Amino acid sequence: MSVISGFTQEDFDVFSIEGLDARMEAIKTIIRPKLEALGQHFAPSLSVATGNEMFSHVAKHARRTVNPPNDTWVAWAADKRGYKKHPHFQVGLWGTHVFVWYAVIYESPAKGQVSEAMRTHLEEILSFVPDHFRWSPDHMQPTSTSSAELGKEGIRKLVDRLATVKKAEILCGINIDRHDPILTDGTALLARLDETFAILTKLYRIAQPTTEPSLPV
């Protein structure tokens with residue numbers, strides 16, 4: 001039996017529910033149990049692959065008082081207290097798709113180090129990140145651009161911007177359309193996530209800040 005049965009159209013329809021309270025209740029009851037299961041499932045393998053003990057964090061959306069969230073997710077980072085200040089991984093949903101990211105967002109004090117490491121190893125990164133993988137400069141937006149479309153210079157600009165713009169972010173990973181049949185097959189979905197994390201953990205290791213805690217050897 002798979003960790004989760006997959007995602008259904010009901011999961012994505014949650015983001016069409018009007019009102020903060022009603023949408024949050026649906027997120028908590030319909031989507032969150034699946035994200036919690038994914039969090040527990042992948043924490044051990046991500047720990048091994050990164051060399052850091054990874055802890056899962058399911059989005060709580062606690063600061064919202066008026067506008068309902070347009071997406072929700074589980075994140076993994078090498079800090080049991082939180083993930084936003086660290087390079088991390090995310091799996092989550094917008095109303096249109098599932099996303100799987102390696103992410104360094106604007107709260108992270110490691111942005112300069114990550115940018116420098118990614119710039120130094122850009123050729124290596126381009127060699128193992130597939131053309132269909134996507135990049136985003138903003139985790140608050142559902143849009144992203146493929147590696148093939150960005151090209152080397154486009155990716156370099158994202159990497160450079162991470163060090164020079166205060167609100168800059170960088171995310172790399174995949175999207176899975178809400179109507180893709182793989183989402184309803186829990187076993188196949190987990191295999192796709194495993195394949196994706198195998199690539200994203202390479203990116204994590206290349207760009208890992210020296211301040212990140214490491215597992216004992």
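# Close-up views of a predicted model

**View 1. Phenylalanine 55 meets its partner across two strands.** In β2, alanine 77 is the bridge partner of phenylalanine 55. Everything shown in these views comes from a predicted model. The strands in this view, β1 (55-58) and β2 (71-77), run antiparallel to each other and are joined by four bridges. Helix α6 (residues 186-206) packs on the sheet, where it touches β2, β3, β4 (97-104) and β7 (170-177). The direction of helix α6 makes about 20 degrees with that of β4.

**View 2. Seven strands form an open sheet.** Follow the strands across the sheet and you will meet them in the order β1-β2-β3-β4-β7-β5-β6, with antiparallel pairing. Which strands stand at the edges? They are β1 and β6 (145-146), and each has a single partner strand, so one side of each is left without a neighbour in the sheet.

**View 3. Strand β7 sits between β4 and β5 in the sheet order.** On one side, β4 and β7 pair in the antiparallel sense over eight bridges. Histidine 97 has aspartate 177 of β7 as its bridge partner. On the other side, three bridges link β5 and β7, again in the antiparallel sense. Here tryptophan 135 has cysteine 172 of β7 as its bridge partner. Why is β7 described as largely enclosed by the rest of the structure? The reason is that six of its eight residues are buried.

**View 4. Valine 129 is a buried loop residue.** You can find valine 129 in the loop between α4 (122-128) and β5 (134-136). Its relative accessibility is 7%, and buried means under 20%, so valine 129 counts as buried. Which residues does valine 129 contact, leaving aside its neighbours within four places in sequence? They are Trp135, Ser147, Cys172 and Ile199. Take isoleucine 199 from that list: 70 residues separate it from valine 129 in sequence, yet the two are 6.7 Å apart in space, C-alpha to C-alpha. Two other names may look familiar, since tryptophan 135 and cysteine 172 are the bridge partners from View 3.

**View 5. Isoleucine 206 lies in helix α6.** Helix α6 covers residues 186-206. Is isoleucine 206 buried or exposed? At 17% relative accessibility, it counts as buried, because the cut-off is 20%. Leaving aside neighbours within four places in sequence, isoleucine 206 is in contact with Ala117, His121, Glu124, Ile125 and Phe128. For a contrast, look for asparagine 67: it is 139 residues away along the chain, and the C-alpha atoms of the two residues are separated by 37 Å.

**View 6. Histidine 61 has a positive phi.** Most residues other than glycine have a negative phi. Histidine 61 is not a glycine, but its phi is about 55 degrees. This histidine belongs to the loop between β1 and β2. With a relative accessible area of 14%, histidine 61 is buried. Keep histidine 61 in mind for the next view, as it is among the residues nearest the centre of the largest pocket.

**View 7. The largest pocket has a volume of about 660 Å³.** Its lining is made up of 21 residues. Which of them lie nearest the centre? They are His61, Arg63, Trp73, Tyr83 and Lys84. Strands contribute too: β1, β2 and β3 (88-94) each supply at least two residues of the lining. Sorted by class, the lining has nine nonpolar, six polar and six charged residues.

**View 8. The model has one cavity of 30 Å³ or more.** Rolling a probe the size of a water molecule over the atoms shows where empty space is left. How much space lies in the largest cavity? The answer is about 50 Å³. The residues lining this cavity are Asp71, Trp73, Gln90, Trp94, Phe99, Trp101, His139 and Gln141. By class, they divide into four nonpolar, three polar and one charged. The strands β2, β3 and β4 each supply at least two residues of this lining.

**View 9. Glycine 151 is partly exposed.** This glycine is found in helix α5 (residues 147-164). Its relative accessible area is 24%. Glycine 151 and leucine 126 are 25 residues apart in sequence, and their C-alpha atoms are 9.0 Å apart in space.

Definitions and conventions. Residues are numbered from 1 along each chain as its sequence is written. This is a predicted model: local features need pLDDT of at least 70, side-chain atom pairs count only at pLDDT 80 or more; totals for chains, interfaces and linings use all residues. Side-chain values use heavy atoms; hydrogens and water are left out. Buried means under 20% relative accessible area, exposed over 50%, partly exposed in between (1.4 Å probe, protein chains only). Contact means heavy atoms within 4.5 Å. On a 1 Å grid over the protein atoms alone, a cavity is a set of points where a 1.4 Å probe fits but cannot get out, and a pocket is an open set with protein on both sides within 12 Å along at least five of seven lines; lining residues have an atom within 4 Å of a point. Grid points are joined across faces, edges and corners, and a volume is the space filled by probe spheres set on the points. Ala, Val, Leu, Ile, Met, Phe, Trp, Tyr, Cys and Pro count as nonpolar, Asp, Glu, Lys and Arg as charged, and the others, Gly among them, as polar. Two strands pair if DSSP finds at least two bridges between them. Axes are lines fitted to C-alpha atoms, for helices over the stretch in contact, and angles run from 0 to 180 degrees between N-to-C directions.
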